[in-house]
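Here are my notes for you, as promised. Have the model open beside you while you read, and take the points in any order you like.

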Amino acid sequence: MKGSMKGHEAKMPRMEDILNLPVQDPPSAEFSATHIKWVKIEGGRQECPASFRIESRRKRSEGSISKPRVDGYLEYTLYWCSYGPEDYRDSESGIGDVSNIRPATGKGSRPGRRHMMRGAPCHGILDLDAVGTRAMYAPRISEELRQKVMFMLYVGISLDNIVQHHAEVVQGHGGPHNRDDFLTRNDVRNMERVVRNSSHKLHANDDCSVKMWVQRHQKYVFFHQDDSNADPFILGIQTDWQLQQMLRYGNGGSVASHSTFGLKKLKYPVCTLLVFDSSQNAIPVAWVITSSLVSQDIHKWFGSLAEKIQTKDPRWRPSAFLVDDPSLDISVIREAFHCRVLLCTWRVRRAWIRSLLKKCCNIDVQREMFKHLGWILYSTRSGPNAVDAIEEFMQVYIDQSVFMDYFKRRWLPYIELWVNSVRSLPVAGTEPLAAIESYHIRLKSKLFDEQHANSWMRIDWLIHTLTTEFHSSYWLDQYSEESGYFANIRDKSFLTNAWHQALHISDIDVMLDVQNLLLAKVISQTDRSLAYTVWNPGTEFSLCDCPCSRLGNLCKHVIKVAILCKNRQVARPLLAVQVYRQALLTLLQNPPDDPLVLDHAILHVTHLQHDIKGLEDLSNNGLLQPVPSEVNRQLGENLLFPRFL
């Protein structure tokens with residue numbers, strides 16, 4: 001038997017010193033502490049006091065229902081540590097009288113954990129000093145490995161495959177080095193049981209259930225506000241993995257918002273913040289669930305998220321932020337992220353084409369109306385006022401009453417806001433639009449499965465689905481891409497978006513009428529005898545007759561034709577570029593007379609030139625519609641100030 005004595009001011013001994021203690025042999029079978037020689041060992045770490053809740057069980061004869069005798073022998077004595085790592089107390093959650101609420105399964109928290117202290121670094125992996133050889137003796141696997149195994153379980157990987165995969169990984173880095181490398185089947189089985197028994201319904205009442213989830217997952221919540229008469233419900237979620245992806249891909253890259261998803265079906269809509277990986281696929285890095293429009297309360301949670309990011313990396317800064325809602329307060333985004341803000345038109349484009357396909361039966365009328373809607377959005381037909389374009393549109397297509405009723409009800413109140421935003425903000429290009437739309441389709445397929453229809457009006461179901469299965473599917477995509485494992489179980493339909501699919505279409509498979517630019521033909525990549533037609537080629541409002549486009553999606557044929565038109569420089573300037581160019585030239589050609597205003601204008605033009613250079617860099621990366629070189633040239637010439645002076 002080995003013994004060690006630790007005084008009040010003693011240091012925590014190293015495991016090697018303990019193992020080197022001599023084995024002692026007490027003189028008899030019954031002995032006490034006085035029969036053992038105690039040795040004080042000085043170690044390298046501060047001693048961490050601990051207290052335990054003791055739970056014992058006494059042996060009784062088989063089949064007996066009588067209470068065990070006090071003088072019977074103990075079958076076991078269990079010591080529950082009172083310090084962490086988790087804290088299951090409800091008293092500090094701030095959610096009112098829910099401390100007596102039990103989970104839906106009827107079970108309470110773990111024995112000895114309720115109402116007790118937590119946080120002492122006595123659990124190996126929670127101790128920042130528990131590195132090197134000491135980590136091999138940690139009583140638990142690391143949180144990182146636990147999350148990895150949970151992700152695998154959520155996407156449906158079996159216990160045997162997880163254990164086998166882990167063994168291959170350990171063998172690949174030369175054998176076991178720490179506690180994580182000793183992952184056992186029992187470790188995985190315990191986590192599998194947690195996944196199998198987990199439920200979104202922590203309480204029959206949805207509000208209480210959400211509060212319980214928030215209390216148990218504080219580290220994933222960057223903002224929370226309860227619904228009240230004065231304030232709307234807001235819940236901002238970002239997991240550790242999502243934070244890592246935002247730090248990795250958002251720094252120097254682009255961040256995009258995907259707002260108001262599920263406005264009609266879900267109890268509260270979802271806003272997602274996305275970053276783009278090295279393959280320009282969208283990755284969700286934060287979710288915001290709110291009972292109000294995101295644009296109304298963005299100032300409440302956006303700063304909290306930015307502060308969380310800056311705490312992890314003060315130098316973190318994206319190159320651009322893409323907004324899909326023109327009513328968002330741009331100043332809040334600029335102040336928080338200190339980056340350019342671009343307008344993303346994928347939402348309005350998708351809504352219009354899907355409604356046209358549903359409410360208008362004539363394909364020729366569909367494409368003409370779609371083109372006209374593009375003129376309205378960019379006001380390229382009626383100069384500075386979009387009202388004339390709207391009136392003309394309604395007169396020309398007065399017979400399309402079903403669509404017109406929809407347009408007047410849903411879009412007419414906001415069309416001026418969209419037009420003004422197109423004029424004031426640069427418009428994002430096709431590549432991020434394709435990635436965002438791919439995320440939208442994936443989220444829709446996951447949440448709006450009819451088997452979940454009864455749960456759509458519960459917030460706890462939405463939170464649970466997003467943070468478990470849906471979240472894990474994106475983890476699997478990245479893990480499989482980087483490691484090569486589990487490629488066979490990934491959902492092939494979401495591996496590439498329309499932009500990447502377009503890059504695999506050969507130029508010789510595109511037939512383009514460079515004289516009239518009325519239409520283009522693209523040979524099918526699966527059936528060489530079939531060719532799809534793209535009308536209004538090279539613009540944001542192109543329309544194709546392929547099955548994908550007929551569902552309202554941005555298809556690879558439209559993107560391929562747009563890329564080809566840009567490379568051959570045969571397409572007319574994009575609508576977004578026309579608007580941006582006109583705004584710049586108006587400023588240059590009509591300088592103000594007032595000297596003070598003139599100085600401000602000169603300074604503004606200088607900033608514009610700097611912005612255009614940055615926007616050209618974004619354009620080269622596929623994030624922005626290209627800015628014509630003549631705009632930059634004229635801007636540079638006028639910066640010599642002959643016109644102004």
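1. Let me begin with a question: is Lys-219 buried, partly exposed or exposed? Lys-219 counts as partly exposed, because its relative accessibility is 45% and the partly exposed class lies between 20% and 50%. Please keep in mind throughout that this is a predicted model.

2. Lys-219 has a charged partner, Glu-143, and the two form a salt bridge whose closest N and O atoms are 3.5 Å apart. The pair ties together distant parts of the chain, 76 residues apart: Lys-219 sits in the loop between helix H5 (206-216) and strand E5 (221-225), while Glu-143 belongs to helix H2 (residues 143-154). Glu-143 is partly exposed too, with a relative accessible area of 30%.

3. Now for another pair, Asp-324 and Arg-347, whose side chains meet in a salt bridge at 2.9 Å, N to O. This pair also links distant parts of the chain, with the two positions 23 residues apart: look for Asp-324 in the loop between strand E10 (320-323) and helix H8 (330-337), and for Arg-347 in helix H9 (residues 346-359). Both Asp-324 and Arg-347 are buried. Returning to the earlier pair, salt bridges with shared partners join Glu-143 and Lys-219 with Arg-146 and Asp-240 into one network.

4. One further pair deserves a look: Arg-179 and Asp-187 meet through their side chains in a salt bridge of 3.5 Å, N to O. Are these two residues buried or exposed? Arg-179 is buried, at 15% relative accessible area, and Asp-187 counts as buried at 17%; the cut-off for buried is under 20%. Over the whole structure, a search finds 21 salt bridges. As a general reminder, side chains of opposite charge can pair when their charged atoms come close.

5. Helix H8 is a good place to see how a helix can turn one face inward. Its buried residues are Ile-330, Val-332, Ile-333, Ala-336 and Phe-337. Why do they line one face of H8? Viewed down the axis of H8, these residues fall within an arc of 160°, so they line one face of the helix. The packing partners of the buried residues of H8 are helix H6 (240-250), helix H7 (294-312), E10 and strand E11 (340-343). Just after H8 comes His-338, which has a positive phi, near 55°.

6. Further along the chain there is an open sheet of four strands, in the order E12-E13-E14-E15 and with antiparallel pairing. Its edges are strand E12 (510-512) and strand E15 (543-544), each pairing on one side only. Helix H17 (residues 556-568) packs on this sheet and touches E12, E13, strand E14 (531-535) and E15, and the direction of H17 makes about 60° with that of E12. Three bridges join E12 to strand E13 (residues 519-523), and the two run antiparallel. To find the register on screen, place Met-511 opposite Lys-521 in E13.

7. Finally, some totals for the chain. Its secondary structure comes to 20 helices and 15 strands, and 48% of its 645 residues count as buried. Among contacts with a separation of 6 or more, 65% come from residues 24 or more positions apart. The chain exposes about 33400 Å², of which carbon and sulfur atoms supply 51%.

Note on methods
Residues numbered from 1 in each chain as written. Predicted model: local features only at pLDDT ≥ 70, side-chain atom pairs only at ≥ 80, totals over all residues. Heavy atoms only, no water. Pairing = 2+ DSSP bridges. Contact = heavy atoms within 4.5 Å. Axes fitted to C-alpha atoms, helices over the stretch in contact; angles between N-to-C directions. Salt bridge = Lys/Arg side-chain N within 4 Å of Asp/Glu carboxyl O. Buried < 20%, exposed > 50% of the residue type's maximum accessible area, 1.4 Å probe, protein only. Arc of directions from axis to C-beta. Areas by Shrake-Rupley, 256 points an atom, 1.4 Å probe, with all protein chains shown as cover.
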